[in-house]
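Visitor: Hello! Please pick one part of this model and take me through it closely, residue by residue where that helps.

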Amino acid sequence: MNLKEVRETLLTLLVWFFGVIWFFKSVGELHSLQGLLAATDWLDVGWYKSIATQGYMLDFSNREGQNTAFFPLFPLLSAPFIHFFHLDGLIALHVVQKISLVGAAIFAFRWSRENGLDEKVSLVTLLLHPAFVFLFVPYTESLYLLLLFLLMLSWQ
């Protein structure tokens, strides 16, 4: 992938990302960056934040759930942003998730090219998948896609 294609891929991803943020901002009551972040702090995000900040805790008396059900790579990659750069846990998870998303898009573009597929159509198809919401909240899906495309590229 040459520099021009990397720029085009990143520009497509950036336009897509801000387009969806604009859509959510215009639909909801999201008037600030803090509001946007708070809107993504739901469901499993709390578990990832607690693992990244405090580590795993096994408590058999806790009937509300256990954080040991979550795989460690995502919180492990987020922890340095929290502990060394003193970022808020939610922001640290977003940083790792967004870096993973950009990497996944770049490697998906490259994988498509090496397999004779239209790179831009493949990227747009990936970004318009019905589960796209998981590419905006700090979940592991972007990291999973990044690792999946790296694995597929390594097999070639």
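Guide: Let's start with Ala69, which counts as exposed at 61% relative accessibility; exposed means over 50% relative accessible area, buried under 20% and partly exposed in between, with a 1.4 Å probe and protein chains only. Before going on, a word on the source: this is a predicted model, where local features need pLDDT of at least 70 and side-chain atom pairs count only at pLDDT 80 or more, while totals for chains, interfaces and linings use all residues. Residues are numbered from 1 along each chain as its sequence is written, and side-chain values use heavy atoms, with hydrogens and water left out.

Ala69 sits in the loop that joins α3 to α4; helices (H or I, at least four residues) and strands (E, at least two) are DSSP runs numbered from the N terminus. Its C-alpha atom is 9.6 Å from that of Tyr56, and 13 residues separate the two along the chain. For the wider setting, the protein has seven helices and zero strands, giving the pattern α-α-α-α-α-α-α along the sequence. Of its 156 residues, 35% are buried. Among contacts with a separation of 6 or more, 64% join residues 24 or more positions apart; a contact means heavy atoms within 4.5 Å.

Now to the part I would like to show you: helix α4 and what surrounds it. On the α3 side of the loop, α3 has Val45, Tyr48, Ser50, Ile51 and Ala52 as buried residues, and their cover includes α4 and α5. Gly55 follows α3 with a positive phi, near 85 degrees.

Within α4, the buried residues are Phe74, Pro75, Ser78, Ala79 and Ile82. Down the axis of α4, these buried residues fall within an arc of 135 degrees, so they line one face of the helix; the arc is that of the directions from the helix axis to the C-beta atoms. Their cover includes α3 (45-54), α5 and α7 (141-154).

After α4 comes the loop to α5, which holds His86. His86 has a phi near 55 degrees, a positive value in a residue other than glycine. With a relative accessible area of 67%, His86 is exposed.

How do α4 and α5 pack against each other? Helix α4 (residues 73-83) meets helix α5 (residues 89-114) at an angle of about 120 degrees, and their axes are 8 Å apart. Those axes are lines fitted to C-alpha atoms, for helices over the stretch in contact, with angles running from 0 to 180 degrees between N-to-C directions. α4 and α5 are therefore oblique to each other, as angles under 35 degrees count as roughly parallel, over 145 as roughly antiparallel, 65 to 115 as roughly perpendicular and the rest as oblique. Their crossing is right-handed, the term for a near helix turned clockwise from the far one by less than a right angle, with anticlockwise being left-handed.

On the α4 side of this contact are Phe74, Leu77, Ser78, Phe81 and Ile82, which meet Gly89, Ala92, Leu93, Val95, Val96 and Gln97 in α5. By class, the α4 and α5 contact has eight nonpolar, three polar and no charged residues; Ala, Val, Leu, Ile, Met, Phe, Trp, Tyr, Cys and Pro count as nonpolar, Asp, Glu, Lys and Arg as charged, and the others, Gly among them, as polar.

Gln97 deserves a pause. This residue of helix α5 is buried, with a relative accessible area of 0%. Leaving aside residues up to four places away in sequence, Gln97 touches Phe74, Phe134, Leu135, Phe136, Val137, Pro138, Tyr139 and Ser142.

Following α5 onward brings us to another helix pair. The axes of α5 and helix α6 (residues 119-127) come within 8 Å and cross at roughly 135 degrees. That makes α5 oblique to α6, and this crossing is right-handed too. Here Ala105, Ala108, Phe109, Ser112 and Arg113 of α5 meet Glu119, Lys120, Ser122, Leu123 and Leu126 of α6. The α5 and α6 contact divides into five nonpolar, two polar and three charged residues.

Two of those α5 residues also touch the first helix: Glu5, in helix α1 (residues 3-27), touches Phe109 and Arg113, not counting residues up to four places away in sequence. Glu5 and Phe109 are 104 residues apart in sequence, yet 8.9 Å apart in space, C-alpha to C-alpha. At 14% relative accessibility, Glu5 counts as buried.
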